[in-house]
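Trainee: I have just opened this one and would like to go through it with you. Could we start with how the chains meet?

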There are 4 protein chains.
Amino acid sequence: MAGRTGIWLIGAWGGVSTTVAAGLAALRKGLSDTTGLVSSLPAFEGLNLANWDTFVIGGHEIRETNYATAAKELHNASQVFSLPLLDTVATDLEKWDKNVRVGSLINVGSKIESFASAETRSHRGESTATVIERVVRDLDEFRTNHKLDHVVVVNLASTEPPIDHSEDKTPIQKMNWKDLSRHLNNADGIALPASSVYGMAAMQAGCSYVNFTPSIGTDLPGLCEFAELQNALHAGRDGKTGETLLKSVLAPMFAARNLNVMSWVGHNIFGNMDGQVLDDPINKATKVSSKDHLLTEILGYKPQSLVSIEYIDSLGDWKTAWDHIHFQGFLGTKMAMQFTWQGCDSLLAAPLVLDLVRFTEREHRRGKTCGVMTHLASFFKSPMGQSGPEFAQQFARLKYWSETVAAEER
Amino acid sequence: MAGRTGIWLIGAWGGVSTTVAAGLAALRKGLSDTTGLVSSLPAFEGLNLANWDTFVIGGHEIRETNYATAAKELHNASQVFSLPLLDTVATDLEKWDKNVRVGSLINVGSKIESFASAETRSHRGESTATVIERVVRDLDEFRTNHKLDHVVVVNLASTEPPIDHSEDKTPIQKMNWKDLSRHLNNADGIALPASSVYGMAAMQAGCSYVNFTPSIGTDLPGLCEFAELQNALHAGRDGKTGETLLKSVLAPMFAARNLNVMSWVGHNIFGNMDGQVLDDPINKATKVSSKDHLLTEILGYKPQSLVSIEYIDSLGDWKTAWDHIHFQGFLGTKMAMQFTWQGCDSLLAAPLVLDLVRFTEREHRRGKTCGVMTHLASFFKSPMGQSGPEFAQQFARLKYWSETVAAEER
Amino acid sequence: MAGRTGIWLIGAWGGVSTTVAAGLAALRKGLSDTTGLVSSLPAFEGLNLANWDTFVIGGHEIRETNYATAAKELHNASQVFSLPLLDTVATDLEKWDKNVRVGSLINVGSKIESFASAETRSHRGESTATVIERVVRDLDEFRTNHKLDHVVVVNLASTEPPIDHSEDKTPIQKMNWKDLSRHLNNADGIALPASSVYGMAAMQAGCSYVNFTPSIGTDLPGLCEFAELQNALHAGRDGKTGETLLKSVLAPMFAARNLNVMSWVGHNIFGNMDGQVLDDPINKATKVSSKDHLLTEILGYKPQSLVSIEYIDSLGDWKTAWDHIHFQGFLGTKMAMQFTWQGCDSLLAAPLVLDLVRFTEREHRRGKTCGVMTHLASFFKSPMGQSGPEFAQQFARLKYWSETVAAEER
Amino acid sequence: MAGRTGIWLIGAWGGVSTTVAAGLAALRKGLSDTTGLVSSLPAFEGLNLANWDTFVIGGHEIRETNYATAAKELHNASQVFSLPLLDTVATDLEKWDKNVRVGSLINVGSKIESFASAETRSHRGESTATVIERVVRDLDEFRTNHKLDHVVVVNLASTEPPIDHSEDKTPIQKMNWKDLSRHLNNADGIALPASSVYGMAAMQAGCSYVNFTPSIGTDLPGLCEFAELQNALHAGRDGKTGETLLKSVLAPMFAARNLNVMSWVGHNIFGNMDGQVLDDPINKATKVSSKDHLLTEILGYKPQSLVSIEYIDSLGDWKTAWDHIHFQGFLGTKMAMQFTWQGCDSLLAAPLVLDLVRFTEREHRRGKTCGVMTHLASFFKSPMGQSGPEFAQQFARLKYWSETVAAEER
């Protein structure tokens, strides 16, 4: 049986985290059905997953606000959450507000820094080791205070700029843990961003780590090695909620029918904080690369492709994507498919976060494995530790894992 | 090694058949690459499929025209085929024109009858037995004249009205072959439509039978039994080329993400002969039912759904579909996806017909099985003999079959 | 200066009426800006239109409910109105609830009847004269109780079936007032529907009458004559809020550029009560005809056109239209435009109702004219008394009227 | 009666010019109806416009090719023109090929230079005066050889980069003709681009000048003054063929209905040479600015707007635009309209070029005016010499001019 589990959210008062908190509270009170929750599908019934009332929420955040305010802002900007629901879950949200600690700005870039509170800024200049120490202390305290059997750390913070390799002799993508850790200690210019530092701290503190953002996180050979040394579970990166989910579903169809995709243009517009950060071309580069690579992987050739992401204030959290797929059929005949996706990003992402936490807690409870949880690939745009980007195959893998685990139970 | 194979097209001068003929001729002359041909994917390389120059085309047709005229009409109405290509394949098309025989109007309904030539009409009133006899004779002659090792009969004729059960005591859907054949011989009111009669004749003549249309064809328990008695291969029905293909690809995604599809509206417009026939509400009923059932099968519940099909002359062969999918995510949040598909129907269907012929010839050459070819499910909207309508799983089954067959070869 | 004006809504608790009431209350309290209100454009500033606090709402209704309930239902089904706003206007809405009287089912057809309350049904069988008498009495009472200078009656009730002419010798479309009234008195089978009967009663009671629905209302030569006899103002029909508005804006562009519109397909889906009524093919016929005629009028030829309207429950008040316009340019080149309109019907219609009331009150105050208000054509799909359906010209006419009236003021 | 008129195309073998030539030849032979030609509308019948057989085509071009080749390339890339039509007009096209002269690269930027032939490059370094002299000589020769009564020069060349003002003391936008011409003679750094130089040469040679591109052309106060000094007619700029045409039609509707346009996002993709040039961000800046300004002018406020233009090779000449318009209605309700435009750019532009030539020839024949032809505003994205960008009003002005001119005739 599942024990008590902590959900530690990096970016604790952001849109997705706020929806995770409000949604979890609603589920605990029986105010929400399980629509949107993969882990509640009949296929996973045999898994004996943790119940909603075994979870406690905490996290790190660089801004100063609280769940009630953040939820109200989302309601106003994006017409989500009913006000009566927010009233009912207010007590839970207040309780969880108290578990939120000051986050780190280490190597997050100037765009993200611009959102930080004065208190957060006062920590600037901390070394990697100091940040890790602070994060580990916060996680330990959370676990102790709430008598938690396990904590899953989920990165939901804004997208960081790509790591700049220009001055490294050995790029960190090629370093093993020994080299990476030596460089970190020497503080000689290896600039791991917050997402990676949180990941290391989580593993050091005995927690699992899930990276729901395009930031690098623990997707480095050195950190994968570290995860195994620490006997820690991790997974990532970049939650697959909309346009890219559709790419991973539609591109296999074009491939299976031997239709020649000449061009695939995707135009994304939205107006949440994620959009504000991605409006900075440096941060956007990380995201676009995460959304684009899978076409070539699935099709086996590179169509002309274009992914644009633009901040449009009026849309709030409603991510609207228009994709135009131009393809050639038999005898060179040119045809087209277009789609428009109008999804509310936080409401699509939040249940997947809860799913990832439940599946991770289950794998941790199983106690047999460590390292990258490749069976979670269907949740990510750029899944770590495996290569098949077709959604149907990814989902089949999740079900296969589930059957294996359920069989152990009997 | 593959021998010589006949492709016998029911509806031989229709849009899809004409594209099959022009496309096959182009492939033989090296004027077309293999875009759109599933059987040419690397996944099927080990199968040793028949080369394009081993095929000969013939068929039945109720109208009077020829390939050159039909191809020119398609070019004018729908901007498909290049004129230089049509010039180059003219000799092949003329040769195949000579293999076309007068089709049957038996129980096809008044809409289809209205297109028939005087010569075709002169055969009205033929009994089922007479039609079968005539078709068998035509097939035998085709095989003999062209020294064919095998003939695959493919139904590409217009959609027939549903079978009317009102006066039957036992519906033919519940009859075994013994009962069905007895009734046929007694001519006592069992009104099997042309698609079924062609199917029986094909099997009797030792041919394989593929039903690419929504008409009933051999999708009756009695005829499935007959196929096994005759040691014949068959498959069907209703080639999956556009909107329904997308449904079988997208609906599993909504299911896997536990998103609640509240409504799925599909609006189809096109202006080819298929559209003219479907403009008759009776014939349309067969088609709509074939396009709609899979949502419930995939989702496990029945969303409000709507499929409309309308004849719009100006579109020619360009099938344009708009689908609006209204779904609910976490906390009851309503979201939407829309897509528009602009595909040229004959050019999408024709390569699949060639694929089906090649896969069928290969299975026949293998010599181990008879009855329904369930590994061909991915090609059909309403696949016979199996129940999983998810495209990815259907395609996986085709690849699994291919691996099995390829392994036998070694 | 404007006096006190009554707004008498036929279908008083329907979606549009409820939005009119909630919106008017919000405007009076300064809780809403004037977005969506044509009459608040700078172009009409010189008109000295009535202020929001000079209006009182009443009406007829066949169902039993109240504004608060109806508004809450709209909020739940369609995510419109903020709950705090509804709280603030609750007192006004309750006050106006008291002015709602039992409506009439005279010749409204079985679909509309099916929604009626027991009390409404108890009035079935009333003669035309009795209904008129009852309506006039209700209007007089309303005017007296609230000390109103003028009352504008607005028909917002569900769409009635077309009038069936099969048994008339002279169709009522060709009758002058004398003949029409004689037939009414003789009760000899002239079956004028409720929309017309309300119109006659309104005129008889000295009120203005605006028909915002596709029902026939006063759009009959006999009733136009009666309006002039009564010195009454009227206008209609069928408020132009979405797809047809776009047609009246886009079709002139195709005409001005001499582009040949080959086909124009419009597919409308929505889930409000309007949609439930239009799901009945008889009632739908009235609506489709109102949405379709203007293409031919604007283009000067009849393209193949299709208007479908379908009830999709999940959409609530969100009218979603997909239009596909297939046109030919130079040298016969076929091109396409598609649009999707996602508009909330009640919120689009309600401000236009308030505009129509204000413009009508102003024309009445002016005191110079009677009969059809042709300067209001831009508000209607099938404007009475004039023929130019191009939106830009219709709007220019409204501005021209405004300048004329403003000039009289000086 | 109209005399013989020369059409002198700058960018003579480009896509639009080639379509002008092929289309004019087809019209002369009666092979094309007048679809797409504004000047052939009944509204302009009274104008006695020039017949198709009074026109001769010539022009300047920086590349080396010919009409037959250019037309064949368009056919292959974009499925336009029928091959039989091209055969029939081949003789005319060859004749007109002979009237094409080497163009100028003066200040066109490096992107355009990269397309130039060796012969064109050999003219680099020519002074403004030398270019003007050469162009005037070419025009005079054209007029003499073909016994032309008038020549209309139409700029259809690729979009130039914006004029860089950084080093000018007085920007050329503020110079009168005297200052501008003095600077030109002194060759002291005033860098007028080719589009302006051609314009000056045309006026000096007694021709009319129409600028169908976003380049500056004669849209400078100094050159407007020069036009009047030379008694020359001119008009421009940037032919309005697709997305912007729709903006000028749709935005007035939102304004008239007092709907608050919060954001208007337009995403344009296409693959012709225009697209290749605009793929250079410097050249694109000129275009985007021309497509974007009218929203603010029409609405009276500036919504958040975005215009992206991307080169997608597979689309050829098919300009596909997706626009997402997010607007607020009554009580702050957010709604959306989207449209997709799939238009073949050359085929949309070419008839407008012929229209502009005919209307210009008519105005010239009338002999009463010189300077900017403001009645041609409906043809342009950024019309010179007037401010109202609403399409309906612009078109009304054209009709008003037509009525005036027709009245003079009687």
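Trainee: How many residues does each of chains A and B put into their contact?

Mentor: The contact takes 44 residues from chain A and 44 residues from chain B, where two residues are in contact if their C-beta atoms, placed from the backbone, lie within 7 Å. This is a predicted model, in which local features need pLDDT of at least 70 and side-chain atom pairs count only at pLDDT 80 or more, while totals for chains, interfaces and linings use all residues. Residues are numbered from 1 along each chain as its sequence is written, and chains are lettered from A and ligands numbered from 1 in the order in which they are written.

Trainee: Which element gives the largest share of chain A's side there?

Mentor: That is β10(A), with 10 residues; helices (H or I, at least four residues) and strands (E, at least two) are DSSP runs, numbered from the N terminus. By class, this side of chain A that touches chain B has 28 nonpolar, 15 polar and 1 charged residues, counting Ala, Val, Leu, Ile, Met, Phe, Trp, Tyr, Cys and Pro as nonpolar, Asp, Glu, Lys and Arg as charged, and the others, Gly among them, as polar.

Trainee: And in what sense do β10(A) and β10 of chain B pair?

Mentor: They pair in the antiparallel sense over 7 bridges, pairing being called if DSSP finds at least two bridges between two strands. Within this pairing, A:T340 stands opposite B:Q338 in β10(B).

Trainee: What rotation superposes chain A on chain B?

Mentor: A rotation of 180° with 0.0 Å of shift along its axis does so, with an RMSD of 0.0 Å, using least squares on the C-alpha atoms of residues with pLDDT of at least 70 in both copies. The two copies are thus related as by a two-fold rotation axis, and in chain A the C-alpha nearest that axis belongs to A:F339, 2.0 Å from it.

Trainee: Why do you say the copies meet through the same surface?

Mentor: Because 100% of the interface residues of chain A are also interface residues in chain B.

Trainee: Switching to chain D, what does its contact with chain A take?

Mentor: The contact takes 19 residues from chain A and 20 residues from chain D. On the side of chain A that touches chain D, the largest share, 5 residues, comes from β7(A), and by class that side has 7 nonpolar, 10 polar and 2 charged residues.
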